[in-house]
Amino acid sequence: MPRELTQNRIQKIWIPSRDDKPAIPRSSGGPHLTNSPTVIVMVGLPARGKTYIAKKLTRYLNWTGVPTKVFNVGEYRREAVNYNSYDFFRPDNQDAMKIRKQCALAALRDVKSYLSEEGGQLAVFDATNTTRERRDMILSFGKENGFKMFFVESVCEDPSVVETNIMEVKVSCPDYKDCNRTDAMDDFLKRIECYRASYQPLEPDHYDKDLSFIKVIDVGRRFLVNRIQDYIQSKIVYYLMNMHVQPRTIYLCRHGESEHNLRGQLGGDSGLSPRGKKFARALLGYLKEQNQKNLKVWTSQLKRTIQTAEALDMPYEQWKALNEIDAGVCEDMNYEEVKERYPEEFALRDQDKYHYRYPTGESYQDLVQRLEPVIMELERQENVVVVCHQAVMRCLLAYFLDKSADEMPYLKCPLHTVLKLTPVAYGCKVESIYLNVNAVNTHRDRPEDIKKGPSTLMRRNSVTPLASPEPTKKPRMNSLDDHMASTSSALPVRMASDIPTSLPGQNMKRPSDLPEATQDYH
(Lines give C-alpha, C1' and ligand atoms only; values in the text may rest on other atoms or scores of the structure.)
Protein backbone atom coordinates (compact mmCIF):
# COMPACT_ATOMS: atom_id res chain seq x y z
CA MET A 1 0.00 0.00 0.00
CA PRO A 2 1.18 3.57 -0.61
CA ARG A 3 2.67 5.20 2.44
CA GLU A 4 0.87 8.04 4.18
CA LEU A 5 2.10 11.55 3.43
CA THR A 6 2.97 14.17 6.03
CA GLN A 7 3.54 17.82 5.13
CA ASN A 8 6.85 19.32 6.23
CA ARG A 9 5.93 22.41 8.24
CA ILE A 10 8.88 24.55 7.16
CA GLN A 11 9.10 23.81 3.42
CA LYS A 12 5.42 22.91 2.95
CA ILE A 13 6.35 19.80 0.97
CA TRP A 14 4.83 16.32 1.30
CA ILE A 15 7.02 13.59 2.83
CA PRO A 16 6.23 9.84 2.99
CA SER A 17 5.78 8.50 6.52
CA ARG A 18 7.52 5.45 7.91
CA ASP A 19 5.92 3.54 10.78
CA ASP A 20 3.50 6.43 11.27
CA LYS A 21 6.42 8.86 11.61
CA PRO A 22 7.47 11.37 8.93
CA ALA A 23 10.56 10.30 7.04
CA ILE A 24 13.54 12.58 7.66
CA PRO A 25 14.08 14.82 4.62
CA ARG A 26 17.57 15.14 3.19
CA SER A 27 19.61 17.58 5.20
CA SER A 28 20.96 19.67 2.35
CA GLY A 29 17.53 20.93 1.35
CA GLY A 30 18.85 21.44 -2.18
CA PRO A 31 17.83 19.74 -5.39
CA HIS A 32 19.46 16.43 -6.26
CA LEU A 33 20.30 16.94 -9.92
CA THR A 34 22.50 13.91 -10.53
CA ASN A 35 21.94 10.16 -10.45
CA SER A 36 25.52 9.72 -9.26
CA PRO A 37 28.19 12.18 -8.09
CA THR A 38 30.11 13.99 -10.82
CA VAL A 39 33.77 14.97 -11.00
CA ILE A 40 34.46 18.04 -13.16
CA VAL A 41 38.02 17.71 -14.46
CA MET A 42 39.79 20.88 -15.59
CA VAL A 43 42.22 20.60 -18.52
CA GLY A 44 44.63 23.11 -20.05
CA LEU A 45 47.98 24.85 -19.94
CA PRO A 46 48.74 27.18 -17.02
CA ALA A 47 47.31 30.73 -17.12
CA ARG A 48 44.31 29.68 -19.24
CA GLY A 49 41.71 30.57 -16.61
CA LYS A 50 41.09 27.06 -15.30
CA THR A 51 41.03 28.08 -11.63
CA TYR A 52 38.88 31.11 -12.48
CA ILE A 53 36.37 28.83 -14.20
CA ALA A 54 36.55 26.23 -11.41
CA LYS A 55 35.92 28.75 -8.63
CA LYS A 56 33.19 30.62 -10.45
CA LEU A 57 31.40 27.43 -11.47
CA THR A 58 31.61 26.15 -7.89
CA ARG A 59 30.15 29.40 -6.59
CA TYR A 60 27.24 29.17 -9.02
CA LEU A 61 26.46 25.52 -8.29
CA ASN A 62 26.59 26.04 -4.53
CA TRP A 63 24.29 29.04 -4.88
CA THR A 64 21.73 26.91 -6.73
CA GLY A 65 21.86 24.34 -3.90
CA VAL A 66 24.15 21.72 -5.43
CA PRO A 67 26.97 20.97 -2.92
CA THR A 68 30.21 21.49 -4.86
CA LYS A 69 33.85 21.84 -3.86
CA VAL A 70 37.11 22.68 -5.64
CA PHE A 71 40.18 20.50 -5.16
CA ASN A 72 43.16 22.48 -6.44
CA VAL A 73 46.18 20.22 -6.92
CA GLY A 74 48.50 23.24 -6.85
CA GLU A 75 47.56 23.77 -3.20
CA TYR A 76 48.52 20.19 -2.38
CA ARG A 77 51.84 20.70 -4.15
CA ARG A 78 52.54 23.92 -2.22
CA GLU A 79 52.03 22.07 1.03
CA ALA A 80 54.46 19.35 -0.04
CA VAL A 81 57.34 21.46 -1.41
CA ASN A 82 58.57 25.02 -1.46
CA TYR A 83 58.57 26.34 -5.01
CA ASN A 84 61.77 27.97 -6.28
CA SER A 85 61.75 27.80 -10.08
CA TYR A 86 60.20 26.36 -13.22
CA ASP A 87 62.74 23.47 -13.07
CA PHE A 88 60.21 21.67 -10.89
CA PHE A 89 57.86 21.36 -13.88
CA ARG A 90 60.38 20.19 -16.45
CA PRO A 91 59.18 16.92 -18.04
CA ASP A 92 62.62 15.33 -17.51
CA ASN A 93 62.57 16.06 -13.76
CA GLN A 94 61.54 12.55 -12.74
CA ASP A 95 61.76 13.18 -8.99
CA ALA A 96 59.41 16.15 -9.26
CA MET A 97 57.06 14.15 -11.49
CA LYS A 98 56.70 11.58 -8.68
CA ILE A 99 55.79 14.30 -6.19
CA ARG A 100 53.29 15.93 -8.56
CA LYS A 101 51.62 12.57 -9.10
CA GLN A 102 51.38 11.95 -5.36
CA CYS A 103 49.75 15.35 -4.93
CA ALA A 104 47.18 14.48 -7.59
CA LEU A 105 46.46 11.15 -5.89
CA ALA A 106 46.05 12.86 -2.52
CA ALA A 107 43.55 15.28 -4.09
CA LEU A 108 41.61 12.37 -5.64
CA ARG A 109 41.49 10.69 -2.25
CA ASP A 110 39.82 13.81 -0.85
CA VAL A 111 37.47 13.95 -3.85
CA LYS A 112 36.35 10.41 -3.05
CA SER A 113 35.81 11.27 0.60
CA TYR A 114 33.83 14.39 -0.25
CA LEU A 115 31.51 12.67 -2.74
CA SER A 116 31.12 9.38 -0.87
CA GLU A 117 31.07 10.41 2.78
CA GLU A 118 30.53 14.17 3.13
CA GLY A 119 27.37 14.70 1.08
CA GLY A 120 28.99 16.41 -1.90
CA GLN A 121 27.37 16.07 -5.32
CA LEU A 122 30.04 17.63 -7.52
CA ALA A 123 33.81 17.93 -7.11
CA VAL A 124 35.99 20.12 -9.32
CA PHE A 125 39.45 18.59 -9.86
CA ASP A 126 41.46 21.70 -10.66
CA ALA A 127 44.82 20.87 -12.28
CA THR A 128 46.43 21.02 -15.72
CA ASN A 129 45.66 17.35 -16.56
CA THR A 130 47.36 17.92 -19.90
CA THR A 131 48.35 14.32 -20.71
CA ARG A 132 46.23 11.35 -21.70
CA GLU A 133 48.02 9.27 -19.09
CA ARG A 134 46.86 11.59 -16.31
CA ARG A 135 43.30 11.81 -17.67
CA ASP A 136 43.11 8.02 -18.07
CA MET A 137 44.16 7.66 -14.43
CA ILE A 138 41.34 10.03 -13.41
CA LEU A 139 38.86 8.11 -15.59
CA SER A 140 39.90 4.84 -13.89
CA PHE A 141 39.35 6.50 -10.52
CA GLY A 142 35.87 7.60 -11.59
CA LYS A 143 34.92 4.18 -12.95
CA GLU A 144 36.14 2.43 -9.81
CA ASN A 145 34.04 4.68 -7.57
CA GLY A 146 30.95 5.06 -9.75
CA PHE A 147 31.47 8.78 -10.41
CA LYS A 148 30.48 10.50 -13.64
CA MET A 149 33.30 12.45 -15.30
CA PHE A 150 32.97 15.74 -17.14
CA PHE A 151 36.00 17.54 -18.61
CA VAL A 152 36.34 21.30 -19.05
CA GLU A 153 39.29 22.29 -21.26
CA SER A 154 40.33 25.93 -21.55
CA VAL A 155 42.28 26.70 -24.73
CA CYS A 156 43.81 30.11 -25.39
CA GLU A 157 46.75 31.09 -27.59
CA ASP A 158 46.25 34.87 -27.43
CA PRO A 159 49.51 36.14 -25.87
CA SER A 160 47.87 39.30 -24.52
CA VAL A 161 45.20 37.31 -22.65
CA VAL A 162 47.76 34.91 -21.21
CA GLU A 163 50.06 37.76 -20.15
CA THR A 164 47.19 39.63 -18.50
CA ASN A 165 46.19 36.52 -16.58
CA ILE A 166 49.77 35.99 -15.37
CA MET A 167 50.16 39.61 -14.25
CA GLU A 168 46.76 39.83 -12.54
CA VAL A 169 46.80 36.46 -10.79
CA LYS A 170 49.90 34.32 -11.08
CA VAL A 171 52.70 36.70 -10.08
CA SER A 172 50.90 37.36 -6.78
CA CYS A 173 50.30 33.69 -5.95
CA PRO A 174 52.22 32.01 -3.08
CA ASP A 175 54.80 30.56 -5.49
CA TYR A 176 56.18 34.07 -6.09
CA LYS A 177 55.65 35.77 -2.74
CA ASP A 178 59.35 36.79 -2.50
CA CYS A 179 59.88 37.47 -6.20
CA ASN A 180 59.63 40.70 -8.22
CA ARG A 181 56.98 40.80 -10.94
CA THR A 182 59.38 40.71 -13.88
CA ASP A 183 61.22 37.61 -12.65
CA ALA A 184 57.92 35.97 -11.74
CA MET A 185 56.56 36.60 -15.24
CA ASP A 186 59.70 35.15 -16.84
CA ASP A 187 59.63 32.06 -14.63
CA PHE A 188 55.92 31.43 -15.23
CA LEU A 189 56.30 31.67 -19.01
CA LYS A 190 59.03 29.02 -18.79
CA ARG A 191 56.71 26.91 -16.65
CA ILE A 192 54.08 27.08 -19.40
CA GLU A 193 56.64 25.83 -21.94
CA CYS A 194 57.42 22.87 -19.69
CA TYR A 195 53.78 21.84 -19.88
CA ARG A 196 53.44 22.61 -23.58
CA ALA A 197 56.08 20.00 -24.44
CA SER A 198 53.79 17.17 -23.28
CA TYR A 199 50.36 18.77 -23.78
CA GLN A 200 47.80 16.50 -25.45
CA PRO A 201 44.53 18.42 -26.01
CA LEU A 202 41.20 16.63 -25.92
CA GLU A 203 40.39 15.13 -29.33
CA PRO A 204 36.65 14.98 -30.04
CA ASP A 205 37.05 13.00 -33.27
CA HIS A 206 39.54 10.37 -32.17
CA TYR A 207 40.97 9.42 -28.78
CA ASP A 208 38.46 11.32 -26.62
CA LYS A 209 35.34 10.96 -28.77
CA ASP A 210 33.49 9.02 -26.06
CA LEU A 211 34.21 11.49 -23.24
CA SER A 212 31.82 14.15 -21.98
CA PHE A 213 33.47 17.56 -22.20
CA ILE A 214 33.37 21.17 -23.27
CA LYS A 215 36.26 23.10 -24.81
CA VAL A 216 36.23 26.80 -23.98
CA ILE A 217 38.23 28.46 -26.74
CA ASP A 218 39.78 31.93 -26.47
CA VAL A 219 37.90 32.94 -23.31
CA GLY A 220 34.47 32.10 -24.68
CA ARG A 221 34.84 33.19 -28.31
CA ARG A 222 34.03 29.63 -29.38
CA PHE A 223 32.92 26.40 -27.72
CA LEU A 224 33.06 22.71 -28.59
CA VAL A 225 30.68 20.43 -26.69
CA ASN A 226 30.90 16.63 -26.78
CA ARG A 227 28.54 13.92 -25.44
CA ILE A 228 26.60 15.66 -22.65
CA GLN A 229 25.24 12.94 -20.35
CA ASP A 230 22.67 14.58 -18.08
CA TYR A 231 20.92 17.68 -16.84
CA ILE A 232 23.69 18.86 -14.54
CA GLN A 233 26.25 18.69 -17.36
CA SER A 234 23.96 20.66 -19.67
CA LYS A 235 23.49 23.18 -16.84
CA ILE A 236 27.27 23.54 -16.52
CA VAL A 237 27.65 24.01 -20.28
CA TYR A 238 24.94 26.67 -20.34
CA TYR A 239 26.58 28.57 -17.50
CA LEU A 240 30.06 28.44 -19.07
CA MET A 241 28.68 29.67 -22.39
CA ASN A 242 27.25 32.75 -20.66
CA MET A 243 30.42 33.79 -18.84
CA HIS A 244 32.76 36.55 -19.98
CA VAL A 245 35.81 38.25 -18.48
CA GLN A 246 35.37 41.80 -19.76
CA PRO A 247 35.61 44.56 -17.11
CA ARG A 248 32.19 45.65 -15.88
CA THR A 249 30.24 47.03 -12.96
CA ILE A 250 26.97 45.83 -11.47
CA TYR A 251 24.96 48.19 -9.25
CA LEU A 252 22.48 46.61 -6.86
CA CYS A 253 19.98 48.70 -4.95
CA ARG A 254 16.48 48.49 -3.58
CA HIS A 255 13.64 50.72 -4.66
CA GLY A 256 13.16 53.96 -2.82
CA GLU A 257 11.35 53.81 0.49
CA SER A 258 7.72 52.79 -0.07
CA GLU A 259 4.48 53.48 1.77
CA HIS A 260 4.46 49.83 2.90
CA ASN A 261 8.00 50.27 4.27
CA LEU A 262 6.79 53.17 6.43
CA ARG A 263 4.07 50.97 7.90
CA GLY A 264 6.35 47.91 8.25
CA GLN A 265 4.16 45.85 5.93
CA LEU A 266 5.39 42.84 3.97
CA GLY A 267 5.15 42.60 0.19
CA GLY A 268 2.31 44.43 -1.49
CA ASP A 269 2.55 46.83 -4.43
CA SER A 270 2.59 50.27 -2.89
CA GLY A 271 4.20 53.38 -4.35
CA LEU A 272 7.12 55.44 -3.13
CA SER A 273 7.04 57.67 -0.08
CA PRO A 274 8.29 61.28 -0.43
CA ARG A 275 11.71 60.14 0.81
CA GLY A 276 11.63 57.28 -1.67
CA LYS A 277 11.11 59.74 -4.51
CA LYS A 278 13.99 61.84 -3.20
CA PHE A 279 16.22 58.74 -3.29
CA ALA A 280 15.26 58.08 -6.92
CA ARG A 281 16.48 61.58 -7.84
CA ALA A 282 19.67 61.05 -5.82
CA LEU A 283 20.24 57.76 -7.65
CA LEU A 284 20.02 59.60 -10.97
CA GLY A 285 22.72 62.01 -9.81
CA TYR A 286 24.96 59.18 -8.61
CA LEU A 287 24.69 57.24 -11.87
CA LYS A 288 25.49 60.35 -13.90
CA GLU A 289 28.66 60.78 -11.84
CA GLN A 290 29.61 57.17 -12.59
CA ASN A 291 29.45 57.93 -16.32
CA GLN A 292 29.21 54.27 -17.34
CA LYS A 293 28.81 53.51 -21.03
CA ASN A 294 25.89 51.42 -22.27
CA LEU A 295 24.39 51.25 -18.79
CA LYS A 296 21.28 49.07 -18.58
CA VAL A 297 18.59 49.35 -15.92
CA TRP A 298 16.51 46.40 -14.72
CA THR A 299 13.51 46.54 -12.39
CA SER A 300 10.85 44.20 -11.09
CA GLN A 301 7.25 44.52 -12.26
CA LEU A 302 6.20 46.13 -8.99
CA LYS A 303 5.24 49.78 -8.74
CA ARG A 304 7.95 50.92 -6.32
CA THR A 305 10.87 49.75 -8.48
CA ILE A 306 9.30 51.16 -11.65
CA GLN A 307 8.74 54.54 -9.99
CA THR A 308 12.41 54.53 -8.92
CA ALA A 309 13.57 53.72 -12.46
CA GLU A 310 11.29 56.34 -14.02
CA ALA A 311 13.31 59.06 -12.29
CA LEU A 312 16.55 57.84 -13.92
CA ASP A 313 15.64 59.26 -17.33
CA MET A 314 16.86 56.21 -19.23
CA PRO A 315 15.27 53.06 -20.68
CA TYR A 316 14.66 50.19 -18.29
CA GLU A 317 13.63 46.57 -18.56
CA GLN A 318 11.05 44.96 -16.27
CA TRP A 319 11.68 41.43 -14.95
CA LYS A 320 8.94 39.45 -13.25
CA ALA A 321 11.72 37.26 -11.82
CA LEU A 322 12.91 40.31 -9.82
CA ASN A 323 9.62 40.68 -7.94
CA GLU A 324 9.89 40.53 -4.14
CA ILE A 325 9.52 37.20 -2.34
CA ASP A 326 5.85 36.18 -2.16
CA ALA A 327 4.75 36.26 1.49
CA GLY A 328 1.57 34.31 0.69
CA VAL A 329 -1.10 34.69 3.35
CA CYS A 330 1.18 37.15 5.17
CA GLU A 331 1.25 39.72 2.35
CA ASP A 332 0.45 43.27 3.51
CA MET A 333 0.89 42.34 7.20
CA ASN A 334 3.59 43.63 9.52
CA TYR A 335 5.66 41.26 11.65
CA GLU A 336 3.57 41.88 14.77
CA GLU A 337 0.42 40.90 12.89
CA VAL A 338 2.08 37.77 11.52
CA LYS A 339 3.24 36.80 15.02
CA GLU A 340 -0.27 37.32 16.40
CA ARG A 341 -2.25 35.59 13.63
CA TYR A 342 0.24 32.87 12.69
CA PRO A 343 2.48 32.31 15.74
CA GLU A 344 3.66 28.88 14.58
CA GLU A 345 4.58 30.15 11.13
CA PHE A 346 6.44 33.09 12.68
CA ALA A 347 8.50 30.70 14.83
CA LEU A 348 9.16 28.29 11.95
CA ARG A 349 10.55 31.07 9.78
CA ASP A 350 12.97 32.08 12.50
CA GLN A 351 14.02 28.45 12.84
CA ASP A 352 15.07 28.08 9.19
CA LYS A 353 14.61 31.27 7.20
CA TYR A 354 16.21 29.99 3.98
CA HIS A 355 14.01 26.91 3.55
CA TYR A 356 10.87 28.29 5.21
CA ARG A 357 8.03 28.76 2.72
CA TYR A 358 5.17 31.13 3.50
CA PRO A 359 1.77 29.38 3.24
CA THR A 360 0.75 29.80 -0.45
CA GLY A 361 3.94 31.84 -0.88
CA GLU A 362 7.67 31.37 -1.41
CA SER A 363 10.90 30.60 0.43
CA TYR A 364 14.39 32.02 -0.16
CA GLN A 365 15.19 28.67 -1.73
CA ASP A 366 12.32 29.19 -4.21
CA LEU A 367 13.56 32.71 -4.86
CA VAL A 368 17.05 31.47 -5.77
CA GLN A 369 15.57 29.15 -8.39
CA ARG A 370 13.43 32.00 -9.74
CA LEU A 371 16.46 34.29 -10.00
CA GLU A 372 18.67 31.84 -11.89
CA PRO A 373 17.78 33.35 -15.32
CA VAL A 374 18.66 36.79 -13.92
CA ILE A 375 22.11 35.54 -12.88
CA MET A 376 22.65 33.99 -16.31
CA GLU A 377 21.80 37.27 -18.01
CA LEU A 378 23.93 39.29 -15.58
CA GLU A 379 26.87 37.05 -16.53
CA ARG A 380 26.28 37.90 -20.19
CA GLN A 381 25.94 41.65 -19.69
CA GLU A 382 28.39 44.46 -19.04
CA ASN A 383 27.25 47.45 -16.91
CA VAL A 384 23.84 46.95 -15.25
CA VAL A 385 21.78 48.67 -12.54
CA VAL A 386 19.39 46.28 -10.80
CA VAL A 387 16.61 48.05 -8.87
CA CYS A 388 14.97 45.34 -6.82
CA HIS A 389 13.78 44.33 -3.34
CA GLN A 390 15.32 43.25 -0.04
CA ALA A 391 15.03 39.45 -0.36
CA VAL A 392 15.88 39.56 -4.06
CA MET A 393 18.94 41.71 -3.44
CA ARG A 394 20.09 39.34 -0.70
CA CYS A 395 19.91 36.38 -3.10
CA LEU A 396 21.82 38.22 -5.84
CA LEU A 397 24.43 39.46 -3.38
CA ALA A 398 24.89 35.96 -1.96
CA TYR A 399 25.75 34.73 -5.47
CA PHE A 400 28.42 37.36 -6.08
CA LEU A 401 29.92 37.11 -2.58
CA ASP A 402 29.61 33.32 -2.28
CA LYS A 403 27.55 33.48 0.89
CA SER A 404 25.96 30.36 2.35
CA ALA A 405 22.27 29.54 2.40
CA ASP A 406 22.33 30.15 6.14
CA GLU A 407 23.81 33.65 5.78
CA MET A 408 21.77 34.73 2.76
CA PRO A 409 18.47 35.72 4.48
CA TYR A 410 20.33 37.95 6.95
CA LEU A 411 22.55 39.93 4.58
CA LYS A 412 22.13 43.65 5.18
CA CYS A 413 20.68 45.48 2.17
CA PRO A 414 19.46 48.82 3.51
CA LEU A 415 17.20 51.22 1.66
CA HIS A 416 18.76 54.16 -0.18
CA THR A 417 22.15 52.44 -0.44
CA VAL A 418 23.83 51.29 -3.66
CA LEU A 419 26.15 48.28 -3.67
CA LYS A 420 28.71 48.63 -6.44
CA LEU A 421 30.05 45.22 -7.48
CA THR A 422 33.23 44.91 -9.54
CA PRO A 423 34.21 41.33 -10.47
CA VAL A 424 37.93 40.66 -9.91
CA ALA A 425 40.15 37.62 -10.54
CA TYR A 426 38.73 35.10 -8.06
CA GLY A 427 36.01 37.10 -6.34
CA CYS A 428 34.11 40.35 -6.30
CA LYS A 429 34.96 43.81 -4.94
CA VAL A 430 32.05 45.48 -3.12
CA GLU A 431 31.56 49.17 -2.35
CA SER A 432 28.59 50.44 -0.33
CA ILE A 433 27.38 53.95 -1.21
CA TYR A 434 24.75 55.59 0.98
CA LEU A 435 23.01 58.39 -0.93
CA ASN A 436 22.23 60.55 2.12
CA VAL A 437 18.46 60.15 2.07
CA ASN A 438 16.96 58.90 5.33
CA ALA A 439 14.77 55.80 5.31
CA VAL A 440 13.25 53.30 7.71
CA ASN A 441 15.33 50.28 8.70
CA THR A 442 13.67 47.12 7.39
CA HIS A 443 16.43 44.70 8.46
CA ARG A 444 15.50 42.05 11.02
CA ASP A 445 18.45 40.33 12.69
CA ARG A 446 18.64 36.64 13.37
CA PRO A 447 16.96 36.03 16.77
CA GLU A 448 19.45 35.62 19.62
CA ASP A 449 18.17 32.18 20.63
CA ILE A 450 18.72 30.97 17.06
CA LYS A 451 22.27 32.38 17.06
CA LYS A 452 23.24 30.36 20.11
CA GLY A 453 22.30 26.97 18.74
CA PRO A 454 24.55 25.08 16.32
CA SER A 455 23.38 25.36 12.75
CA THR A 456 22.97 22.22 10.65
CA LEU A 457 22.21 24.23 7.53
CA MET A 458 25.59 25.84 6.84
CA ARG A 459 26.78 25.13 3.31
CA ARG A 460 30.55 25.15 3.66
CA ASN A 461 31.43 23.37 0.46
CA SER A 462 33.02 26.20 -1.51
CA VAL A 463 36.63 27.24 -1.21
CA THR A 464 36.30 30.36 -3.33
CA PRO A 465 37.24 33.75 -1.83
CA LEU A 466 34.67 35.48 0.34
CA ALA A 467 33.08 32.17 1.26
CA SER A 468 32.26 31.52 4.90
CA PRO A 469 35.31 30.11 6.68
CA GLU A 470 35.17 26.42 7.47
CA PRO A 471 34.95 25.65 11.20
CA THR A 472 38.06 23.47 11.16
CA LYS A 473 40.85 22.97 8.68
CA LYS A 474 43.10 19.98 8.21
CA PRO A 475 46.27 19.63 6.14
CA ARG A 476 45.64 18.22 2.70
CA MET A 477 48.87 16.20 2.90
CA ASN A 478 50.42 15.29 6.25
CA SER A 479 53.43 14.00 4.39
CA LEU A 480 54.34 12.75 0.97
CA ASP A 481 53.90 9.13 2.02
CA ASP A 482 50.33 9.97 3.03
CA HIS A 483 48.91 9.00 -0.33
CA MET A 484 46.10 6.98 -1.82
CA ALA A 485 46.34 3.92 0.42
CA SER A 486 42.65 4.28 1.22
CA THR A 487 41.64 4.92 -2.39
CA SER A 488 41.02 2.54 -5.24
CA SER A 489 43.63 -0.13 -5.86
CA ALA A 490 43.18 0.66 -9.54
CA LEU A 491 45.13 3.89 -8.99
CA PRO A 492 48.91 3.65 -9.31
CA VAL A 493 50.63 4.43 -6.02
CA ARG A 494 54.23 5.40 -5.36
CA MET A 495 55.82 4.28 -2.13
CA ALA A 496 57.54 6.80 0.12
CA SER A 497 60.91 5.27 -0.75
CA ASP A 498 60.36 6.33 -4.38
CA ILE A 499 60.15 10.00 -3.40
CA PRO A 500 63.36 11.99 -3.06
CA THR A 501 64.18 13.92 0.07
CA SER A 502 65.36 16.93 -1.93
CA LEU A 503 65.08 18.25 -5.45
CA PRO A 504 67.09 20.65 -7.56
CA GLY A 505 65.71 24.11 -6.80
CA GLN A 506 63.24 22.80 -4.20
CA ASN A 507 62.98 22.66 -0.42
CA MET A 508 61.04 19.65 0.83
CA LYS A 509 58.74 20.30 3.78
CA ARG A 510 58.81 18.01 6.79
CA PRO A 511 55.37 16.84 7.96
CA SER A 512 55.59 19.15 10.97
CA ASP A 513 56.25 22.12 8.65
CA LEU A 514 53.14 21.65 6.55
CA PRO A 515 50.64 24.47 7.14
CA GLU A 516 46.98 23.93 7.69
CA ALA A 517 44.95 24.14 4.50
CA THR A 518 43.99 27.70 3.66
CA GLN A 519 41.76 29.28 1.06
CA ASP A 520 43.46 30.56 -2.05
CA TYR A 521 43.26 34.35 -1.92
CA HIS A 522 45.26 35.45 -4.95
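Helices here are DSSP runs of H or I with at least four residues, numbered from the N terminus. The exercises below concern a predicted model.

**Exercise 1.** Determine where Q265 lies with respect to the helices, and which residues Q265 is in contact with once its neighbours within four places in sequence are left aside.

*Solution.* Begin with the position along the chain: Q265 belongs to the loop between α8, which covers 259-263, and α9, which covers 274-290. Next, list the contacts, for which heavy atoms must come within 4.5 Å: with neighbours within four places in sequence set aside, H260, D332, M333 and N334 remain as the partners of Q265. Then take M333 from that list and compare two separations, for Q265 and M333 stand 68 residues apart in sequence, while their C-alpha atoms are 5.0 Å apart in space. Finally, turn to the side chain, where Q265 makes a polar contact at 2.7 Å with the side chain of R263.

**Exercise 2.** Establish which elements are tied together by the salt bridge between K215 and E153, and decide whether the two residues are buried or exposed.

*Solution.* The first step is the general principle that side chains of opposite charge can pair when their charged atoms come close. The cut-off to apply is 4 Å between a side-chain nitrogen of Lys or Arg and a carboxyl oxygen of Asp or Glu, and the side chains of K215 and E153 satisfy it with an N to O distance of 2.6 Å. Since K215 lies in strand β9 (residues 213-217) and E153 in strand β8 (residues 148-155), the pair ties together parts that are 62 residues apart in sequence. As for accessibility, both K215 and E153 are buried.

**Exercise 3.** Work out which parts of the chain the salt bridge between R196 and E157 ties together, and classify the exposure of each partner.

*Solution.* Check the distance, which is 3.4 Å between the closest N and O atoms of R196 and E157. R196 lies in helix α6 (residues 181-196) and E157 in the loop between β8 and α5 (159-168), so this pair ties together parts that are 39 residues apart in sequence. With a relative accessible area of 32%, R196 is partly exposed, and E157, at 47%, is partly exposed as well.

**Exercise 4.** Classify the exposure of D218 and R221, and then name the residues that shared partners join into one network of salt bridges.

*Solution.* The side chains of D218 and R221 meet in a salt bridge of 2.8 Å, N to O. D218 has a relative accessible area of 26% and is therefore partly exposed, whereas R221, at 58%, is exposed. Elsewhere, salt bridges that share partners join E75, R77, R78, D175 and R191 into one network. The structure holds 27 salt bridges.

Technical notes
Residues are numbered from 1 along each chain as its sequence is written. This is a predicted model: local features need pLDDT of at least 70, side-chain atom pairs count only at pLDDT 80 or more; totals for chains, interfaces and linings use all residues. Side-chain values use heavy atoms; hydrogens and water are left out. Buried means under 20% relative accessible area, exposed over 50%, partly exposed in between (1.4 Å probe, protein chains only). A polar contact is a pair of N or O atoms within 3.5 Å; within protein, one must be able to donate a hydrogen and the other to accept it, and residues adjacent in sequence count only if both atoms are side-chain atoms.
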